[in-house]
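Here are some short exercises, each with a worked solution. Have a look at the structure first, then try each task before reading on.

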Amino acid sequence: MNQHLRPEPVPFIDIASQRRRLGKTLDEAVAKVLAHCQFINGPEVAELEAALAKFSGARHVVTCASGTDALLMVLMAKGVGEGDAVLCPTFTFCATGEAVALTGATPVFVDVEEQTFNIDVHSLRRGIASARQRGLKPVAVIPVDLFGQSADHDAVAGVAAEEGLFVLDDAAQGFGASYKGRRLGTFGLATATSFFPAKPLGCFGDGGAIFTDDANLAETLRSIRVHGQGSDKYDNVRIGLTARLDTMQAAILIEKLKIFEDEIAARNRVAERYARGLGNVVTVPRLAEGCTSVWAQYTIRLPRGTNRDEFAAALKAQGVPTAIYYPKSMHQQQAYRGFPVAEGGVPVSERLSEDVISLPMHAYLDEATQARIIEAVRGAIAG
Ligand SMILES: *Cc1c(COP(=O)(O)O)cnc(C)c1O
């Protein structure tokens, strides 16, 4: 009717298309759980953990209630707390530093690389020195595989080994990506991921998982997940959480994991089309040597002098939604302003917050719709 006035809006993330593709298999998976009624720790939970272990190559997988819990549980298991410093990039979703602060430890924010948006190991070294100057004991580093691209895990491991830190990889956005031919889930001491619906592998609610090759750590995590249970739930040997993944979500994830590889390939085709269509008008994301991405976000940088609000409004008028990840880095947030920043500051993160903008990205973005998005972006830049 009024489609001449207002173009049909494009979805930013299209969960409905995937739902249609999986249709009956999801209905049947949920119906099975409704029939057996083991809503907590049902057979699907162990089945999913085994499938995730096979997919990632990690020896042990402990599912849990969210990506934030996944991070927190590893820090709790390692006894991280007051007086400890945990280094993490400031340009990330707040959960990375939040999990640290929840333990009583101090998050120390470090800068990211301009090209990949991932942790800068030079800033990491400066952050470790800054932590020590404040009398804190650096114990861990949390690299983030931001927007789906794996961080430089060899470089992080090198610094961590020299400085005696353990590595907890925050792969909430990057699960399914690889580094030098190895899937995420196998780097550092442990890897945390999230199954929040908008993540590359999402469930229909909240969920998360921890990956590790360390059998003792996995056992401790299984205890923490159920109130620090010992021989049974009513024997409490440590302080824990209620942090289990629901059986229903596990049943859904088992089905979604079966098509995940195919969806990752589709996301990469979408990213390639964006790069071809936009590479000469904006700064498109680049994959570093040895890194792949699952494209949790397709984040571009606007040319200097472009008004980002006007750019977003111009796209919106064409029915193209955008999002800004992240308008503020963690150290700029009210709740985290009191925590230390690496010596030398975090200038790259601060610049990124001013000029990044993310475009619609999902496995079901067809060529015609994407051509419309590309045209809208080019038109808005030409002004
Ligand atoms: C989403 C996200 C988390 C937290 O995951 P939840 O399941 O929402 O708790 C942690 N870190 C990063 C980088 C994220 O994007």
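## Exercise 1: A residue at the surface

Ile40 has a relative accessible area of 44%, so it counts as partly exposed. Keep in mind that this model is predicted.

Task: find out where Ile40 is placed in the chain and which residues make a nonpolar surface patch with it.

Solution. Start with the chain: Ile40 belongs to the loop between helix H1 (15–36) and helix H2 (43–56). Then turn to the surface, where Leu34, Phe39 and Ile40 make a nonpolar patch of about 280 Å².

## Exercise 2: Two rings

Task: decide whether the pair of Phe91 and Phe147 is stacked, tilted or edge-to-face.

Solution. A pair of aromatic rings is described by the distance of the centres and the angle of the planes. The count of aromatic pairs comes to 15. In the pair of Phe91 and Phe147, the centres are 6.2 Å apart and the planes stand at 90°, so the pair is edge-to-face. Next, place both residues: Phe91 is in the loop between strand E2 (84–89) and helix H4 (95–102), and Phe147 is in the loop between strand E4 (137–141) and helix H6 (153–163), so the pair ties together parts 56 residues apart in sequence. Both Phe91 and Phe147 are buried. Finally, widen the view: Phe91, Phe117, Phe147, Tyr325 and Tyr326 form one aromatic cluster.

## Exercise 3: Cysteines

Task: say how many disulfides there are, and check Cys64 as an example.

Solution. The count of disulfides is zero. For Cys64, the nearest cysteine sulfur is that of Cys203, 11 Å away, and Cys64 is in no disulfide. A disulfide needs sulfur atoms within 2.5 Å. Cys64 is also buried, with a relative accessible area of 0%. Cys291 is in no disulfide either, as the nearest cysteine sulfur, that of Cys88, is 19 Å away. Cys291 is buried too, at a relative accessible area of 10%.

## Exercise 4: Backbone angles

Task: state what sets the backbone apart at Asn41, at Lys180 and from Tyr325 to Tyr326.

Solution. Most residues other than glycine have a negative phi, and most peptide bonds are trans. Asn41 has a positive phi, near 55°; this residue is in the loop between H1 and H2 and is exposed, at 52% relative accessible area. Lys180 also has a positive phi, of about 50°, and lies in the loop between strand E6 (178–179) and strand E7 (182–183). Last comes the peptide bond from Tyr325 to Tyr326, which is cis, with omega near 5°.

Terms used:
Residues are numbered from 1 along each chain as its sequence is written. This is a predicted model: local features need pLDDT of at least 70, side-chain atom pairs count only at pLDDT 80 or more; totals for chains, interfaces and linings use all residues. Side-chain values use heavy atoms; hydrogens and water are left out. Patches are made of residues with over 30% relative accessible area and no salt bridge: like charges are joined within 9 Å, nonpolar side chains (Val, Leu, Ile, Met, Phe, Trp, Tyr) within 5 Å. Accessible areas come from the Shrake-Rupley method with a 1.4 Å probe; for residues, only the protein chains shown count as cover. A salt bridge is a side-chain nitrogen of Lys or Arg within 4 Å of a carboxyl oxygen of Asp or Glu. Helices (H or I, at least four residues) and strands (E, at least two) are DSSP runs, numbered from the N terminus. Buried means under 20% relative accessible area, exposed over 50%, partly exposed in between (1.4 Å probe, protein chains only). Rings of Phe, Tyr and Trp (its six-membered ring) pair if their centres lie within 6.5 Å; planes under 30 degrees apart count as stacked, over 60 as edge-to-face and the rest as tilted.
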